[in-house]
Amino acid sequence: MIPRSFAYHRPTSVKEAVRLLGSLGEDARAIAGGHSLIPMMKLRLASPAHLIDLANVADLKGIHEDGRDIVIGAMTTQHEIVGSELLARKIPILRETSLLIADPQVRYVGTIGGNVANGDPANDMPAVMMCLNAIYHAVGKSGERRIAAREFYQGAYLTALEPGEIVTAIRIPVPTSGHGYAYEKLKRKVGDYATAAAAVVLTLSGGKVATCSIGLTNVAETPLWAEEAGKILTGSAIDAATLKRAVSAAEAITSPASDGRGPSAYRTKMAGVMLTRALARAKARVGT
Ligand SMILES: Cc1cc2nc3c(=O)[nH]c(=O)nc-3n(C[C@H](O)[C@H](O)[C@H](O)COP(=O)(O)OP(=O)(O)OC[C@H]3O[C@@H](n4cnc5c(N)ncnc54)[C@H](O)[C@@H]3O)c2cc1C
């Protein structure tokens with residue numbers, strides 16, 4: 001199918017983009033890489049009368065350090081994240097995750113801002129951002145505010161963004177140097193969304209877990225931060241009994257739909273398997 005007709009706007013500043021979104025109201029929608037929105041428009045699941053293309057807004061691009069944080073502009077593509085030397089050194093889980101998103105064609109244009117703002121629980125970056133305790137910068141007609149990734153997702157395609165607000169950047173506190181990390185994703189084929197996936201960032205002290213943060217993708221209506229599982233693992237050497245308890249705690253917060261990727265119970269178990277694998281790989285990477 002082809003999308004319904006729409007008017008196309010190409011602002012060059014955040015101010016102009018926000019003004020357009022505000023004045024055109026509910027019929028207007030921001031478009032970034034278009035790799036989630038355009039398929040939805042073709043299926044007529046979305047029919048905006050106005051598209052506000054963010055591609056020419058220079059302020060939304062780039063990756064830089066700001067004190068102990070790294071700030072990634074919303075229009076940074078997944079391909080640019082894969083190629084960033086700064087991110088590879090400081091937050092390598094972002095490169096690992098980006099490489100598991102879709103295929104190179106999608107990654108060349110799909111953006112980090114679109115991925116986190118979309119609100120689709122199948123997107124990979126939201127759970128990773130919850131795991132990293134990222135903060136989203138959002139700008140609307142009332143100015144800028146900051147929203148924790150862990151508080152941003154309210155339901156499928158439902159986020160804390162107010163009408164007319166856009167995500168301008170993602171701010172991530174740099175994890176401790178030498179931390180362990182892993183993103184494990186089960187998918188039916190290359191380029192597919194996750195049946196279940198798990199993100200882990202941890203640190204060790206004297207062979208025991210000092211800190212552990214866990215995110216889960218596509219096993220509920222929203223991405224999940226498995227806080228209790230991380231707490232259970234903290235202080236342990238990830239021995240078999242503690243691992244079992246942590247995996248059970250993570251599985252307990254999932255509620256995946258039964259769909260083409262498998263029945264609900266299977267997807268919950270796969271979340272546990274992905275978490276087990278991610279923990280083992282993250283632990284092995286500490287200090288490397
Ligand atoms: C074949 C295929 C396979 C894919 N596989 C995966 C996968 O495995 N994992 C995965 O995570 N994704 C996958 N995707 C989705 C892809 O990563 C998209 O690029 C991403 O979800 C959205 O980013 P975008 O820049 O394309 O956003 P768009 O499609 O332009 O926008 C998506 C939504 O976010 C809103 N939006 C965009 N930018 C902003 C902003 N800055 N502020 C506020 N709202 C904004 C738009 O209004 C729209 O509602 C796949 C896509 C395709 C086509």
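These questions and answers cover the ligand site and one helix pair of a predicted model.

In this predicted model, local features need pLDDT of at least 70 and side-chain atom pairs count only at pLDDT 80 or more, while totals for chains, interfaces and linings use all residues. Residues are numbered from 1 along each chain as its sequence is written, and side-chain values use heavy atoms, with hydrogens and water left out.

Reader: Which residue offers a backbone N or O atom 2.8 Å from a nitrogen atom of the ligand?
Author: A polar contact is a pair of N or O atoms within 3.5 Å. In the side chain of Lys185, an N or O atom is 2.9 Å from a ligand oxygen atom. In the side chain of Tyr193, an N or O atom is 3.0 Å from a ligand nitrogen atom. The backbone atom at 2.8 Å from a ligand nitrogen belongs to Val167.

Reader: How much of the ligand's accessible area does the protein cover?
Author: Accessible areas come from the Shrake-Rupley method with a 1.4 Å probe. On its own the ligand has 960 Å², and the protein covers 90%.

Reader: Are helix 11 and helix 12 parallel or oblique to each other?
Author: Helix 11 (residues 240-252) and helix 12 (residues 264-285) have axes that come within 9 Å and cross at roughly 135°. Angles under 35 degrees count as roughly parallel, over 145 as roughly antiparallel, 65 to 115 as roughly perpendicular and the rest as oblique. The two helices are therefore oblique.

Definitions and conventions. A polar contact is a pair of N or O atoms within 3.5 Å; within protein, one must be able to donate a hydrogen and the other to accept it, and residues adjacent in sequence count only if both atoms are side-chain atoms. Axes are lines fitted to C-alpha atoms, for helices over the stretch in contact, and angles run from 0 to 180 degrees between N-to-C directions. Helices (H or I, at least four residues) and strands (E, at least two) are DSSP runs, numbered from the N terminus.
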